[in-house]
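Please open the model in a viewer and keep the sequence panel visible beside it. The tour proceeds by selections, each followed by a short account of what is found there.

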Amino acid sequence: MTVRLSSSITLMFLGVLFFLVGPTWSGCRDAGLCCSGRDQSCVSKGWRSDHSFGTCYCDQACVSTLDCCHDYETACPAVPCVVDEWTQWSGCAEPCRATVRRRSRTILQQPLNAGRACPHLEEHAGCVEYWSQDGHCQNSLVPALITTSGYGNARKKRDIRDSSDITGYCLQFRLTSLTKGCQQSRGPHTLWMQYLREGHRVCVECQPPALTAGHKHCAGDGEETHEDRQRSLQWQAVGNPRCRGAWRRVGPLEACSCPTSRSFLFI
């Protein structure tokens, strides 16, 4: 009886010891494994992160399948993607017409071990270049071409020939119509178009680079004649030709005081 009891105690002790210590092969570090992507061969045997024992993995996919070895996070720490700063905006792709400019950035560190993925590496934005190699563009841009006011922060302020004393101004318009294409804008540089709504009053700034040759106003702003100031005028969003509409001029403003989502630029 005493021998049987002693044997039972010994077996119980060994069982508890096995549970506490576990097998010698017990994770990613001991197996020397740390794999990218989904790799069925990147397998070990030991305690999992859910405290169960058995087959466990050391590949990047184990984070989503929840079968990582217990030491995966420390043996294979997540390294996020690292990118450098944006380059300067390029010039407009073509002069004298509504087109796009570009900027880019490069990857300094690829993501590892389920680290944060890389963001987009290139951005486009609508723009118009009013100077060509032959001089000032001759054709006026009608209807009015507009873009988000954020473009003005990086816009290159050019010298206006023979008009160095000209300064910009701000006008207020009421949107009377717009196409469904504005709501369907998906690119990073066109998301601002989704905020356009019929009936909204918007501020549109005319900065010196957009002034038409020989004039003190921006093309399509309704400033040329009294009749233009009374009638409905056409506008188009640069970067998405399907986003266009009409507005009526409300009048000039001493300063553009509209919310950011309703502030734009003639370009």
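The stops below go from the whole chain to single residues.

**Before starting**

This is a predicted model, in which local features need pLDDT of at least 70 and side-chain atom pairs count only at pLDDT 80 or more, while totals for chains, interfaces and linings use all residues. Residues are numbered from 1 along each chain as its sequence is written, and side-chain values use heavy atoms, with hydrogens and water left out.

**Stop 1: the whole chain**

Display the chain as a cartoon. Its secondary structure comes to six helices and 14 strands. Here helices (H or I, at least four residues) and strands (E, at least two) are DSSP runs, numbered from the N terminus. Of the 267 residues in the chain, 36% are buried. The term buried means under 20% relative accessible area, exposed means over 50%, and partly exposed lies in between (1.4 Å probe, protein chains only). Among contacts between residues at least 6 apart in sequence, 64% join residues at least 24 apart; a contact means heavy atoms within 4.5 Å.

**Stop 2: the barrel**

Which strands close into a barrel? Select six strands, which follow one another in the order β9-β12-β13-β10-β11-β14, with mixed pairing. Neighbouring strands of this sheet are turned by 45° against each other on average, direction ignored. For such angles, axes are lines fitted to C-alpha atoms, for helices over the stretch in contact, and angles run from 0 to 180 degrees between N-to-C directions.

Now select strand β10 (residues 169-178) and strand β11 (residues 201-206), which run antiparallel and are joined by six bridges. Two strands pair if DSSP finds at least two bridges between them. Q172 has C203 in β11 as its bridge partner.

Add strand β14 (residues 263-266), which runs parallel to β11 and is joined to it by three bridges. C203 appears again here, with S263 as its bridge partner in β14. V204 stands opposite F264 in β14.

**Stop 3: aromatic rings**

The structure holds six aromatic pairs. Rings of Phe, Tyr and Trp (its six-membered ring) pair if their centres lie within 6.5 Å; planes under 30 degrees apart count as stacked, over 60 as edge-to-face and the rest as tilted.

Select W47 and F53, an edge-to-face pair with 4.9 Å from centre to centre and 65° between the planes. W47 is partly exposed at 21% relative accessible area, and F53 is partly exposed at 33%.

Next select F173 and F266, also an edge-to-face pair, with 6.3 Å between centres and 80° between planes. This pair links distant parts of the chain, since F173 is in strand β10 and F266 in strand β14, 93 residues apart. Both F173 and F266 are buried. Extend the selection to W235 and W247: ring pairs link these two with F173 and F266 into a cluster.

Then move to W89. The charged end of R101 sits over the ring of W89, 4.0 Å from its centre. A charge sits over a ring if NZ of Lys or CZ of Arg is within 6 Å of the ring centre and within 35 degrees of the ring normal.

**Stop 4: salt bridges**

How many salt bridges does a search of the whole structure find? The search finds two. A salt bridge is a side-chain nitrogen of Lys or Arg within 4 Å of a carboxyl oxygen of Asp or Glu.

Select D71 and R29, whose closest N and O atoms are 3.9 Å apart. D71 lies in the loop between α3 (62-65) and α4 (72-75) and R29 in helix α2 (residues 28-31), so this salt bridge ties together parts 42 residues apart in sequence. D71 is buried, at 8% relative accessibility.

Select E123 and R103, with 2.8 Å between the closest N and O atoms of their salt bridge. E123 belongs to strand β6 (residues 122-128) and R103 to strand β4 (residues 98-104), so the pair ties together parts 20 residues apart in sequence. E123 is buried at 17%, whereas R103 is partly exposed at 22%.

**Stop 5: two backbone angles**

Most residues other than glycine have a negative phi. Select H51, in the loop between β1 (43-47) and β2 (53-57). Phi of H51 has a positive value, near 75°, and H51 is exposed at 69% relative accessible area.

Finally, select L66, in the loop between α3 and α4. Phi of L66 is also positive, near 60°, and L66 is exposed at 63%.
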